[in-house]
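Colleague: I have the model open next to me and would like to go through a few parts of it with you. Could you take me through the helix packing, and after that the sheet and the aromatic rings?

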Amino acid sequence: MAERVGVYVCHCGSNIAGMVDVEQVARWAGANLKDVVVSRDYKFMCSSLGQAMIEEDIKKEGLTRVVVAACSPHLHEKTFRRACENAGLNPYLCQMTNLREHVSWVSKDRDKATEKAKALVSAAVERVKQQAPLEPFFVKVNPATLVIGGGIAGLQATLELADAGYPVYLLERSPSVGGHMAQFDKTFPTLDCSACILTPKMSEAGQHPNVTLLTYSEVEEVSGSVGHFRVKIRKKARFVEEDKCTGCGICVEKCPRKVVDEDFEAGLGYRKAIYTPFPQAVPRIPVIDVNSCIWFERQKCRACEKLCPTNAINFEQKDEVITLDVGNIIVATGWKMFDCRKISQYGYGRLANVFTALEFERMCNAAGPTGGKIVLRDGKTEPQSIAIIHCVGSRDSNYNEYCSGICCMAALKFGHLVLERTKAEVYSFYIDMRTNQKGYEEFYHRLLEEGMHFVRGKVAEVTDAARRPEEAGKLIIQVEDTLLGKQRRIPVDMVVLMGALEPQADAKELGLKLGISCSMAGWYTERHPKLDPVATMTDGIFVAGACQGPKDIPASVAQGAAAAARVMGMITKGDVMIEPVVASIVEEKCSGCRICNNLCPYNAIEYDSEKQVSRVITAMCKGCGTCVAACPAGAITGAHFSNEQVFAEIEGILWDAIHGNGGQIKSEQAVSA
Amino acid sequence: MKYAYYPGCSLECSSAAYDLSVRAVADLLGIELREIDDWNCCGATEYFTQDELTACAVIARNLALIEPQLNQVVAPCAACYLNLKKVDNLMQQDPTLADKINQCLAAGQLHYDPGRVRVRHLLDLIHTDIGEEAIKDKVVQPLTGLRVACYYGCQIVRPYKGDDPEQPTKLDELMTWVGAEVVDFPVKAHCCGGHMTQISEPQAFELIRRLLQNAAEYRADVILCMCPMCQLNLDAYQNRVNSFFGTNYQIPIIFFTQLLGVAFGLDWKKLGFGKEIIPAEPVLRRKLTAPAATA
């Protein structure tokens, strides 16, 4: 029996109709394409009236197939499938073709665009006739969640989920949770103490019955898909037994080896070879750094082992790989600071009194290496003048084109702290002052009042080469003041570089393990930049905080909570629908060559060694089609992408070549005549 | 190691010391320099301000004259180096321009295939191709105790990607290998004023003064140059700068190859010493007390 196809061409306001003669396309399809019984155009097909029109036609005209020629299926495939389902038609018998992104938005010639639209409609009609009804299936969602990254975004997500009663694994690479926020002294614009607002969350996460902390651990491998991920995690050897350690700290106190702390103290302070990064660390269990420990260097010492009251030190400990089963994953891996050495004209690493923003944060922190005193590199001299340089490595086409977003506010905060604690003059060298969140502009005005000096211009050079006697012994800022229209040289004692926020060095690597993508700059890509900011293109994996782009604390917290809410929605629903667009193997045709096994990017094909055939694990298959194309025996079919369907689509798109003007399809003149 | 050698006009006259010392040092290091037959002036910075095609063609002629069996050319002068490299690059990026240039060259039965010859600066060649070990091997008079300011100038640092353009270090490293004490010289890649001395003396003198002042502050015994223009400006104008600003700098300005030659124990006369205006010999003799024989 012949199919009865309905074709619906959308104007999308003027988005499509402005470039494509949609009425002609609809008329042409109705007159020329075989089995098309209804063909209509409509202003907004996605509106409720448009949907009702399709539903009514299905019922009244007895349509067995529907083609919607409109926008990208990313946007409205669900809408039209649902409309078909409402009218009793299997949703997989509805096909969308994209006349907006693929035709009108990228065309300049109206006639050619209209011809292309016809070809695409023809392709969709030929294809849809070959489509078969499919039934989606459902998998249970494991209520446990893995949060990767224990900074403020990850902590927030963890606590939201744990408080709602769901189990959470909080994974952190360093020995303690807390992230960058634990390094800061004050937070803008309200100047509340960073530790005071962060540490309650840290200890709550550490003690919460629903939270399992996995610090000093990294993701090794991720398999499975939404609802049932399986994650392998490497717990790096701490050389301290977590169940025996009480966190008394005697080992740290007695350790004879002191090294520069490049991580938490940003190279400005020291730590021991056995250490917790900071006093409020969660958990309070120290780790031994094998690169600085005397025992690992020359098999001597073991002082910590001798003095530990609970015998918790274990030099024989090895890395441990554990496997977790979780339903959803939240990625909150944060950022790292731009390497300011790359801009050699600013002198970081060469001129002693040039500091990075992170070093300066530690210096301002009362618990930091200088006890909160702002001093030069000699550790005692208070500077008389300080220059803060904005946009170091950001808004700069040589390094990163993007704006790091938070640096203007952080620079203003630094200015305030300096003016509060010293008698120094503070200069801010900015390109544009960007203070566009609640209370930020007011903070900028406060600093204008407090007497911070603002110079608009990109600094050319920081040098110790004096030209005039008053410059001797100073660091001179050479800058074009673009408001004065003049070159200026401003001698100062100390320079702070507001380094750009950059993606973590291994962000791409982790992205590959998770199957999520990064932007050109290296930030994780969200599903939609406006309407779906914490989901990714991979179901069940969410992003939060600065790993998705530079972000301040309020925005990171908001995203952490948003990601948690999305996960809770998944858990509450209980199961997720899996698209039935998957591959299947006909066992009789399979020779057991196993070519497909290693090609599958989702590890969704297993091998049955008894029957000597390969088999698709349906719940893990994403329907990418790699195995279908690779199978030498043609034993694999991809549902919804069968050979018949694809060939029909190709024949449809080539309608004019196949039928020609003298063929079965009549020319436009014949139709209008 | 064989390279085509493009001395450039300056090395024939005002910077004869550079040419002499380059040839002497290259000879000792086993670098064979084959001077391009019938080479012409590169046009320095002037030709490009008049007409691009003419300027390019004048420069490309030198590239076209290079013997077919040689695929690298070395130019000790910074302006020559920059011009040769620039034209080769322009021709590689712009086939239409390359065609036009080759039409000009055809008048003299010449032709140049863009990219055929790699343009090298002498410093890069000595630092990279000869390398630390071979240099250290040849030292008979270590320059211990001699404080040198390494001045790169502005022309060689930009097109060359092997060093930091703002704070280059290759010459610093080379001088450390031969035992010299390299002083901090933050203005090492700043401009010497170039031909500004002919247009506006106050501007040019200020640029020269900054360099001398910085070297004096770090108590440099000599300033090492790798560009004839830099050497000329700092040396020949030093006394005029002194009288203009009321200063009293007396810092010898020599080419880095001259000092390398000293470290290798070569005859000072053959290295072109004595041609500079602020005499270098007294300073070197005073600092380098350990005679070559006992080194």
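Modeller: Gladly, and please keep in mind that this is a predicted model. In chain B, the axes of helix α3 (residues 52-64) and helix α4 (residues 78-93) come within 9 Å, and they cross at roughly 105 degrees.

Colleague: So how are α3(B) and α4(B) oriented to each other, parallel or perpendicular?

Modeller: That angle makes α3(B) roughly perpendicular to α4(B), because crossings of 65 to 115 degrees are counted that way.

Colleague: Which residues of α3(B) and α4(B) meet there?

Modeller: From α3(B) the contact takes in B:Glu52, B:Cys56, B:Ile59, B:Ala60, B:Asn62 and B:Leu63, and on the α4(B) side they meet B:Asn83, B:Leu84, B:Val87, B:Asp88, B:Leu90 and B:Met91. Sorted by type, the residues of this contact are eight nonpolar, two polar and two charged.

Colleague: Staying in chain B, at what angle do α1 and α11 cross?

Modeller: Helix α1 (residues 16-29) and helix α11 (residues 256-263) of chain B have axes that come within 8 Å and cross at roughly 45 degrees. The two helices, α1(B) and α11(B), are therefore oblique to each other, and α1(B) passes α11(B) in a left-handed crossing.

Colleague: And what do α1(B) and α11(B) bring to their contact?

Modeller: In α1(B) the residues are B:Ala17, B:Tyr18, B:Ser21, B:Val22 and B:Val25, which meet B:Phe256, B:Thr257, B:Gln258, B:Leu260 and B:Gly261 in α11(B). The residues of that contact divide into six nonpolar and four polar, with no charged ones.

Colleague: Let's switch to the sheet in chain A; what is its strand order?

Modeller: The sheet is open, with five strands in the order β20-β27-β21-β22-β23 (chain A) and parallel pairing. Its edge strands are β20 (354-356) and β23 (453-456) of chain A, each of which pairs on one side only. On average, and with direction ignored, neighbouring strands of this sheet are turned by 25 degrees against each other.

Colleague: How many bridges hold β22 and β23(A) as a pair?

Modeller: Strand β22 (residues 425-430) of chain A pairs with β23(A) in the parallel sense over four bridges, and A:Tyr430 stands opposite A:Arg456 in β23(A).

Colleague: Last topic: how many aromatic pairs are there over all chains?

Modeller: The count comes to 19 aromatic pairs over all chains. One of them joins A:Phe360 and A:Phe414 edge-to-face, at 4.9 Å centre to centre and with 75 degrees between the planes.

Colleague: Where do A:Phe360 and A:Phe414 sit along the chain?

Modeller: A:Phe360 lies in helix α10 (residues 357-364) of chain A and A:Phe414 in helix α11 (residues 407-421) of chain A, so placed that the pair links distant parts of the chain, 54 residues apart.

How values were computed:
Residues are numbered from 1 along each chain as its sequence is written. Chains are lettered from A and ligands numbered from 1 in the order in which they are written. This is a predicted model: local features need pLDDT of at least 70, side-chain atom pairs count only at pLDDT 80 or more; totals for chains, interfaces and linings use all residues. Side-chain values use heavy atoms; hydrogens and water are left out. Axes are lines fitted to C-alpha atoms, for helices over the stretch in contact, and angles run from 0 to 180 degrees between N-to-C directions. Angles under 35 degrees count as roughly parallel, over 145 as roughly antiparallel, 65 to 115 as roughly perpendicular and the rest as oblique. A crossing is left-handed if the near helix is turned anticlockwise from the far one by less than a right angle, and right-handed if clockwise. Contact means heavy atoms within 4.5 Å. Ala, Val, Leu, Ile, Met, Phe, Trp, Tyr, Cys and Pro count as nonpolar, Asp, Glu, Lys and Arg as charged, and the others, Gly among them, as polar. Two strands pair if DSSP finds at least two bridges between them. Rings of Phe, Tyr and Trp (its six-membered ring) pair if their centres lie within 6.5 Å; planes under 30 degrees apart count as stacked, over 60 as edge-to-face and the rest as tilted.
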